[in-house]
Amino acid sequence: MIFRRKGSNPTVIRHRPRCSFCGKERGEGGVQLVAGAGVYICSECVRVASEILRHHQRPAPAGT
Ligand SMILES: [Zn+2]
C-alpha cells in the first residue's frame, strides 16, 4: 500500500502503522502488516505465532 501525502484526506494516519509485537514498519524487510483492533502484526510475527500455536496444539490428555 502506498501512502499518499494529501492534506485534504482526513483519514490519513500520521504515524506509520508498525507491528505491535516486534515494532517493524510495513515494508521493513519486506514484511506485510495485518491490522487488528488497534494493533498490527507483521507477517513475520504471524509466522512465529503460527509456529508457537502449532507447538501448543498437543493432544488433550485422556480424561479419567
Ligand atoms: Zn512483527
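This report covers model confidence, the zinc site, the salt bridges and the surroundings of E25 in a predicted model.

## Confidence

The structure is a prediction. Mean pLDDT over the protein chain is 82. Of the residues in that chain, 78% reach 70 or more. Where pLDDT is low, the coordinates should not be read in detail.

Among the helices and strands, strand β2 has the highest confidence. It spans residues 40–42, with a mean of 95. Helix α1 has the lowest. It covers residues 43–56, at a mean of 92.

## Zinc site

Four cysteines supply the protein donors of the zinc ion: C19, C22, C42 and C45. Each binds through its SG atom. The donors lie 2.3 Å from the ion. The site is tetrahedral, with angles of 107 to 117° among its 4 donor atoms.

Along the chain, the donors follow the spacing C-x2-C-x19-C-x2-C. The pair C22 and C42 links distant parts of the chain. C22 sits in the segment before β1, whereas C42 belongs to strand β2. They are 20 residues apart.

Accessibility varies among these cysteines. C42 is buried, with a relative accessible area of 0%. C19 is buried too, at 3%, because the limit for that class is under 20%. C22 counts as partly exposed, at 40% relative accessibility. As for disulfides, a search of the whole structure finds 0.

## Salt bridges

The whole structure holds 4 salt bridges. Among them are two that share E25. One joins E25 to R16, with the closest N and O atoms 3.1 Å apart. In the other, the side chains of E25 and R18 meet at 2.8 Å, N to O. R16, R18 and E25 are thus linked in a network of salt bridges.

The three members of this network fall into separate accessibility classes: E25 is buried at 19%, R18 is partly exposed at 42%, and R16 is exposed at 56%. The value for E25 counts as buried because it is under 20%. R16 counts as exposed because its value is over 50%.

Another salt bridge pairs K24 with E44, whose closest N and O atoms are 2.6 Å apart. This pair links distant parts of the chain. K24 is in the segment before β1 (33–35), and E44 is in helix α1. The two residues are 20 apart along the chain. Both partners are partly exposed: K24 has 24% relative accessibility, and E44 has a relative accessible area of 29%.

## Surroundings of E25

E25 lies in the segment before β1. It is buried, with a relative accessible area of 19%. Leaving out residues up to four places away in sequence, E25 touches R16, P17, R18, V31 and L33. Two of these contacts are also salt-bridge partners: R16 and R18.

Y40 gives a further reference point. The C-alpha atoms of E25 and Y40 are separated by 9.6 Å. Along the chain, E25 and Y40 are 15 residues apart.

Technical notes. Residues are numbered from 1 along each chain as its sequence is written. This is a predicted model: local features need pLDDT of at least 70, side-chain atom pairs count only at pLDDT 80 or more; totals for chains, interfaces and linings use all residues. Side-chain values use heavy atoms; hydrogens and water are left out. pLDDT is the predictor's confidence in each residue, from 0 to 100. Helices (H or I, at least four residues) and strands (E, at least two) are DSSP runs, numbered from the N terminus. A disulfide is a pair of cysteine sulfur atoms within 2.5 Å. Buried means under 20% relative accessible area, exposed over 50%, partly exposed in between (1.4 Å probe, protein chains only). Donors are N, O and S atoms within 2.8 Å of the metal (3.2 Å for Na, K and Ca); water is not among the atoms, so sites may look incomplete. Four donors count as tetrahedral if all angles lie between 85 and 135 degrees; four count as square planar and six as octahedral if opposite donors are over 155 degrees apart and all others between 65 and 115; anything else is irregular. Contact means heavy atoms within 4.5 Å.
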